[in-house]
Amino acid sequence: MATEAESVEEIKRRIMEIAERVTEAIERGEFPSIRYPPNSKGNIEFREDVGYIFRPKTFSEIEGDRVKSVKTLAGVLYGLAKALDHLENGLTMTKRDFYYLHKVERLKGTLFPEDQRETDARIVLMELILGAPREAFSITSDPRGWIYGDIELVDMTGRTIRADRVGEMGYSVPPRPENIKFKRIGVKAVVAVEKVGPAKNMIELGIPEEYNLAIAILKGQASRSMRRFLRMLSDEGVPIAILTDFSPWSLRIAATVVYNSISSAHIPYLAAPEARFIGIMAEDVETGFFKDYQFALEPLTQADLKAAMDNVHLPNLQHPFWQRENEWFLKNKKKAELEIFKAMSPSAKELKELFVSYLREKLEDRLGVSI
Amino acid sequence: MGGELKELEQISAADFFYRNRSLAGFDNPVRATYTAVRELVENALDASELAGRPPKVMLTMEEVAEGRLEGTAVYMLRVRDNGVGLDPEDVPAAFGKVFVSSKYKLMQSRGTFGLGGTMALLYGQITTNRPFKVITGREGSPLYEFTMKIDIQKNEPIVLDRRILAGVTRRSMTTVELYFEGNYRRARSKIIDYLHQTAIVTPYADIMFIDPDGLFFFFARTTDQIPPPPKETKFHPKGIDFELLKRLAETTKTRKLAGFLTAHFQRVGSKTAAEILARAGLSPDLSPKRLSDEELERLFRALVTYDNYLPPDPSVLSPLGPKLWEEGIKKELRPEFVKAVQRPPTVVEGHPVIVETAIAYGGDIKPAGEIQLYRFANRIPLLYDVSSDVSYLVARRLNWSVYGLKSLEDEPIALFFHVVSTKVPFKTVGKEFIANKPELAREVELGWRACARDLRIYLSRKRRAASAARRVELLSRYYALIAEVLEELTGERPPIETVLARVARKAKVEVPVEVRESGDGS
């Protein structure tokens, strides 16, 4: 699934091209500069059917004759040199590693960082300059997220893995999932669950095996690797359902899986526009599945409320559906968490029935999948 | 001690001073020590300047006995100048009487109280009962030594001994030697400060001081140039008081009022005199010596209320001039920047006044946490009561931020203020600070503004140069790193020297050597 832009050879070629252009400028006795498309608002578009798209209209220059940008120029070149070194040696690094690569004696007085934000910002700049996600130049993202279900794949190491035979949480999604090849997909749909607890319960209750479902455990905001992985499954034609809390934050979690986010808008293939949000939603609480359990709702915190107010302006939440959901929080100042299933079901048997009936109703309704 | 002795006239004098010595700065042993030094140094400077040569003042002070009070001592103080020297016949009157300068003419002079060094002599006599010595001679004439006392009641000199020390004096000089009881320990810093500040305002003088501890202080001159000596002038009618008019009338050689006015006042011709006398209702033919008090008062009123005089003649003033002023500040304070400005003449209470201001910045001047203000009046440093002085009030009031200065207290800046006048507008009898007159404040403000404008230009140039240098340094550092990184990437180190030379040329700064070397090395 690796595109040309992300192949190791292509990235190496781009790094060398930049190094040569800078060298040539210096040889001519000129100040070098590096041109790149910034991830500013004007360069990002949003479309409901594909999510965020990075479409550069304006460009910036890192100018080598300016006191303010010469550090950035040196920083980018240093970062690219380290990236190339890692790529050539098949080594990866985390953002923290990258930070420590700058905490070296020879960079005192120049690039020695004050804190990690400095080097993190440079990683984004390198992504924009190279036109590729940091994983492509060996800086891996936090590999958070698991998938459990009847999916057989071959990963980067060449091993064949069945995602329901690798431990109680399933297959841990790797930092660069684009190297994964799917061998066989035996599930009707993937249910991406925000929280670990309810997701594990579904696995423990045997729901994936019994109903041919895969459970993806997001553990909060879906990581870049998880989003990329879900997009790959979606591209394979697998219906993706997203199950989250009913809260201002969870709207964002769901929308990020569907549309990608502004901060990573310049990274392609992170949105899964075919994915569907299956709740918990306002109508479930008002008149649907949980209408008799309003006592189990939680009050919104100050931070929740602030998030709800910000949601009013988020480009990927502008669809009337999201705005209606969001208005409910502003009006009622309450939220429902996935743990509400526990409040409804004193026994394990009942919990399973509740999960199944909720999933059956929603998968049918939102994705046309029958279980 | 020079001067026109034939025009001196005694007043009720020694006795008066004896009772009012606090007025003259002799109220306690510490202050008296400072004042004695000061009076004698100022007389010495005046004498030398009058001779038209760069003053050379040698001051020696020795402790000779313990004093009566705790901390006091009896000191021998000897001051020698290179002035014109004195005619031996004038010596007793010049040193043995307490007098005022009865010149019925105006002159800019140092003499703070018009009493010369005689007060110091008198104070010495009062506290030690020892005689003083005067050694003086004129080039080519014998050198005389007088040993004298003052008869306080009669205000008469008593010459105890008079002898010829040498048949021929090689260079004119005068030495005064006296004994007094004082407290040098506690006056020391004030005295050194005084000499230091005197050197600032007298850059053409050599001032040497050997103090009672044997320490030698030498304030060397750095120029031969002496400002033109002040001329004497007649009084301007706006600048007189009743007492003075009365005394002029009593001693005049003129016979008629009309002639009296034109002879003794500047800016009064026969036409103006006639108008004034008409206003006073006095006949021009009256004899000035025979006027009644009531007639004198009418004359006085007419003189001071008449408004059509030309302003007083400023050519009698002898300001230091920006060049000498800057010279003095440079030599004593070694600042990195100094700018002095001389304001055009103006008039305060009937007397011509010229204000000179200066600002010095950086170098040996460090931030002091308080305003560093040097004040001078007729080339005398003013060391007391700074916070009441007109210049201090102006310094506080001015908006210095306009000139790129955050605060006077926290910046390495010193302000200077010099006022010259035939009558310096002191506020109090102590004569240590200048009155807050609006016309003076205006002069000080305009003067400092002019200096500060130059300072602003200097500072902004300096800042620009510093930031250009920083830019070169910073770019050099980063390009050294860029070269290293590119070498890692491409295997070849690009020639950054050309690019850096361009930056340096533009900033007119050398590429820092250590950066160039580290670029070649690792």
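This report covers the make-up of chain B, the contact between chains A and B, and a strand pair in chain A.

The model is predicted. Chain B has 522 residues, of which 43% count as buried. Its secondary structure comprises 14 helices and 16 strands. When contacts in chain B between residues at least 6 apart in sequence are taken, 74% of them join residues at least 24 apart.

Where the two chains touch, 20 residues of chain A are in contact with 18 residues of chain B. On the chain A side, the elements that give two or more residues are α1 (8–27) and α2 (67–88) of chain A. Of these, α2(A) gives the most, with nine residues. By residue class, the side of chain A that touches chain B divides as follows.

| Class on the side of chain A that touches chain B | Count |
|---|---|
| Nonpolar | 13 residues |
| Polar | four residues |
| Charged | three residues |

The nonpolar class thus accounts for 13 residues on that side of chain A, against four polar and three charged.

Chain A also holds a pair of strands, β2 (residues 44–47) and β3 (residues 51–54), which run antiparallel and are joined by four bridges. The two strands form a hairpin, with three residues between β2(A) and β3(A). Which residue of β3(A) is the bridge partner of Phe46(A)? The partner is Tyr52(A). In a regular strand, side chains alternate between the two faces of the sheet.

Conventions. Residues numbered from 1 in each chain as written. Chains lettered and ligands numbered in written order. Predicted model: local features only at pLDDT ≥ 70, side-chain atom pairs only at ≥ 80, totals over all residues. Buried ≥ 20, exposed ≤ 12 C-beta atoms within 10 Å, placed from the backbone. Contact = placed C-beta atoms within 7 Å. Nonpolar A, V, L, I, M, F, W, Y, C, P; charged D, E, K, R; others polar. Pairing = 2+ DSSP bridges.
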